[in-house]
Amino acid sequence: MICPQCQKEGSRVVDSRPTDDRLSIRRRRECPFCGFRFTTFERYEETPLLVVKKNGSRESFDRQKLLNGLVRSVEKRPVGMQELTEIVTRVESKVRRLGETEVTTQAIGEFVMDELKQVDKIAYIRFASVYREFADVEAFQKAIDSMEKK
């Protein structure tokens with residue numbers, strides 16, 4: 001493993017433990033050259049998952065892209081990065097349990113909204129407004145009303 005600080009190879013593992021979801025291993029490492037400590041995650045290799053976008057194009061599933069979207073939706077909200085990472089992990093698990101090699105952005109969006117609805121209502125509305133492309137205030141109000149009924 002290359003040290004992100006000094007770029008030398010040969011870090012040592014200081015601590016190793018499973019993540020909360022038990023799907024990966026979290027390792028604390030230390031560089032023997034500069035003493036810098038950093039965290040890595042070890043995950044099993046999964047079959048590639050393609051995301052089918054609204055325009056029909058396909059791209060690889062990207063956890064970071066999903067996380068970036070969540071970060072934007074919870075901006076200035078009391079939701080921590082740890083919780084967002086756990087949401088991404090749960091969404092990815094749900095998508096993979098579908099057993100398909102391709103999944104639509106619509107399916108991913110629904111999984112994300114289910115998660116956000118339980119975590120932060122404002123973040124849910126923000127995400128839904130982008131995901132569902134609200135055209136006007138009435139569509140926005142309908143989303144709020146349906147959330148309140150549930």
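**Entry: α2 and α3**

I started with α2 and helix α3 (residues 105-119) and looked up how α2 and α3 pass each other. Their axes come within 10 Å and cross at roughly 140°. That makes α2 oblique to α3, because only angles over 145 count as roughly antiparallel. I noted the crossing of α2 and α3 as right-handed. I should add that this is a predicted model.

Which residues of α2 and α3 meet? From α2 I listed Glu83, Ile87, Arg90, Val91, Lys94 and Val95. From α3 I listed Ile108, Phe111, Val112, Glu115, Leu116 and Val119. By class, I have eight nonpolar and four charged residues in this contact, and no polar ones.

**Entry: α1 and α2**

Next I took helix α1 (residues 63-73) against helix α2 (residues 81-97). The two axes come within 10 Å, and the crossing is at roughly 130°. That makes α1 oblique to α2. The crossing of this pair is right-handed.

I then wrote down the contact. α1 brings Arg63, Leu66, Leu67, Leu70 and Val71. α2 brings Met81, Leu84, Thr85, Ile87, Val88, Thr89, Val91 and Glu92. Sorted by class, the contact of α1 with α2 has nine nonpolar, two polar and two charged residues. Ile87 and Val91 of α2 are in this list, and both are also in the contact with α3.

**Entry: α1 and α3**

The remaining check was α1 with α3. I found their axes within 12 Å, crossing at roughly 40°. How is α1 set against α3? α1 is oblique to α3, because angles count as roughly parallel only under 35 degrees. α1 passes α3 in a right-handed crossing.

Leu66, Leu70 and Ser73 of α1 make this contact with Ile108, Val112 and Leu116 of α3. Five of these residues are nonpolar, one is polar and none is charged. Leu66 and Leu70 of α1 meet α3 here, and they meet α2 as well. On α3, Ile108, Val112 and Leu116 touch α1 and also α2.

**Entry: the second largest pocket**

I turned to the second largest pocket, which holds about 400 Å³ of space. It is lined by 16 residues, and closest to its centre I found Thr19, Phe41, Gln82, Thr85 and Thr89. β1 (12-18), β2 (24-30), β3 (37-43) and α2 each give two or more residues to the lining.

Which element gives the most to this lining? I found that α2 does, with six residues. By class, the lining has three nonpolar, five polar and eight charged residues. I marked Thr85 and Thr89 among those closest to the centre; these two also appear in the contact of α2 with α1.

Note on methods: Residues numbered from 1 in each chain as written. Predicted model: local features only at pLDDT ≥ 70, side-chain atom pairs only at ≥ 80, totals over all residues. Heavy atoms only, no water. Axes fitted to C-alpha atoms, helices over the stretch in contact; angles between N-to-C directions. Helix = DSSP H or I, 4+ residues; strand = E, 2+ residues; numbered from the N terminus. Parallel < 35°, antiparallel > 145°, perpendicular 65-115°, else oblique. Left-handed = near helix turned anticlockwise from the far one by under 90°. Contact = heavy atoms within 4.5 Å. Nonpolar A, V, L, I, M, F, W, Y, C, P; charged D, E, K, R; others polar. 1 Å grid on protein atoms, 1.4 Å probe; cavity = no way out; pocket = protein on both sides within 12 Å on 5 of 7 lines; lining within 4 Å. Points joined across faces, edges and corners; volume = space filled by probe spheres on them.
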